[in-house]
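This report goes through a single protein chain, from one residue of interest to the strands and then the chain as a whole. Please keep the sequence and the coordinates in view while reading.

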Amino acid sequence: FKSDPKILIPNVSYCTFTKSNGVFDAGDDSRILCLKSERDTHGYIRQTQIITSTDFFKTQETINDSTGILATSYVLEINVIQSFIVATVQTDKYGATGSSAVLYVSKDGYEFTKAVIDAAIVSDSFSFLPSTKSSLHISVWGFSEDGKQVSDILSSDSEGIHFKKLLENIEGNFLGFVNLEKVETIEGVWIANVMEGYDSST
């Protein structure tokens, strides 16, 4: 290590450097984002905030969005994906597994905006797919009448805010694996196994 290890501040469950993937290049090299939980008198998590620091928490700042909702929410996870930082927020902070969720996206790690997605997002029924510097890709899955998993593939605009549906009824399995492969050598090309005869309205 180039420096001595330091103990994290209390009640922090996860941390990442913003420049952790070789693509995200906004801001300070030493900037860290962490998830910090606050508990009520009964020990239950009341909220989980995103906090940030560039001096290993000698000073720190709580991340929020323009509506003030993000700083008082239950943030499940935060990911640095290509040129985007994405916070997954569970809408029911006391809900069990399977509660609905929303995404907040940032291009600089400070200003976060709620994503507009043409699909219902559930906390344990979506996943991030290999993305590009100009677009986020997610898989949102459900089940057919005979119990087979099917997924919809959505892609964002260049800001990571507005998502549109690219493919429907992609075959998958109960573990969340999607029968979909990105062609690495050709930008924007995917190969998918689409299930025929599945009616998502039934």
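## A buried isoleucine

Ile 63 counts as buried because its relative accessibility is 1%, where the cut-off for that label is under 20%. As with everything described here, this value comes from a predicted model. In the chain, Ile 63 belongs to the loop between β4 and β5.

What does Ile 63 touch, when residues up to four places away in sequence are not counted? Its contacts include Arg 31, Leu 33, Ile 50 and Thr 52, and also Leu 70 and Ala 71, while Gly 109, Tyr 110 and Phe 112 complete the list. Of these partners, Tyr 110 is separated from Ile 63 by 47 residues in sequence, yet the two C-alpha atoms are 6.4 Å apart in space.

## A buried aspartate in the same loop

Asp 65 is also placed in the loop between β4 (61–62) and β5 (74–81). Asp 65 is buried but takes part in no salt bridge, and the nearest side chain of opposite charge, that of Lys 114, is 8.4 Å away; this separation rules out a salt bridge because the criterion requires the charged atoms to be within 4 Å.

Which polar partners does the side chain of Asp 65 have? One is the side chain of Thr 67, joined to that of Asp 65 by a polar contact of 2.5 Å, and another is the backbone nitrogen of Leu 70, which lies 2.8 Å from a polar atom of the Asp 65 side chain. With residues up to four places away in sequence set aside, Asp 65 touches Leu 70, Tyr 104 and Phe 112; Leu 70 and Phe 112 are also among the residues that Ile 63 touches.

## Strands β1 to β3

Strand β1 (residues 12–17) runs antiparallel to strand β2 (residues 32–39), and five bridges join them; within this pairing, Cys 15 has Cys 34 in β2 as its bridge partner.

β2 is in turn joined by eight bridges to strand β3 (residues 45–53), again in antiparallel fashion, and Ile 32 is partnered there by Ser 53 of β3. β2 and β3 form a hairpin with five residues between them, and in the turn Gly 43 has a positive phi of about 90 degrees.

## The chain as a whole

The protein chain contains 14 strands and zero helices. Buried residues account for 41% of its 202 residues. Among contacts between residues at least 6 apart in sequence, 41% join residues at least 24 apart. The chain exposes about 11,400 Å², of which carbon and sulfur atoms supply 51%.

Note on methods:
Residues are numbered from 1 along each chain as its sequence is written. This is a predicted model: local features need pLDDT of at least 70, side-chain atom pairs count only at pLDDT 80 or more; totals for chains, interfaces and linings use all residues. Side-chain values use heavy atoms; hydrogens and water are left out. Two strands pair if DSSP finds at least two bridges between them. Helices (H or I, at least four residues) and strands (E, at least two) are DSSP runs, numbered from the N terminus. Buried means under 20% relative accessible area, exposed over 50%, partly exposed in between (1.4 Å probe, protein chains only). Lys and Arg count as positive and Asp and Glu as negative; His and the chain ends are not counted. A polar contact is a pair of N or O atoms within 3.5 Å; within protein, one must be able to donate a hydrogen and the other to accept it, and residues adjacent in sequence count only if both atoms are side-chain atoms. Contact means heavy atoms within 4.5 Å. Accessible areas come from the Shrake-Rupley method with a 1.4 Å probe; for residues, only the protein chains shown count as cover.
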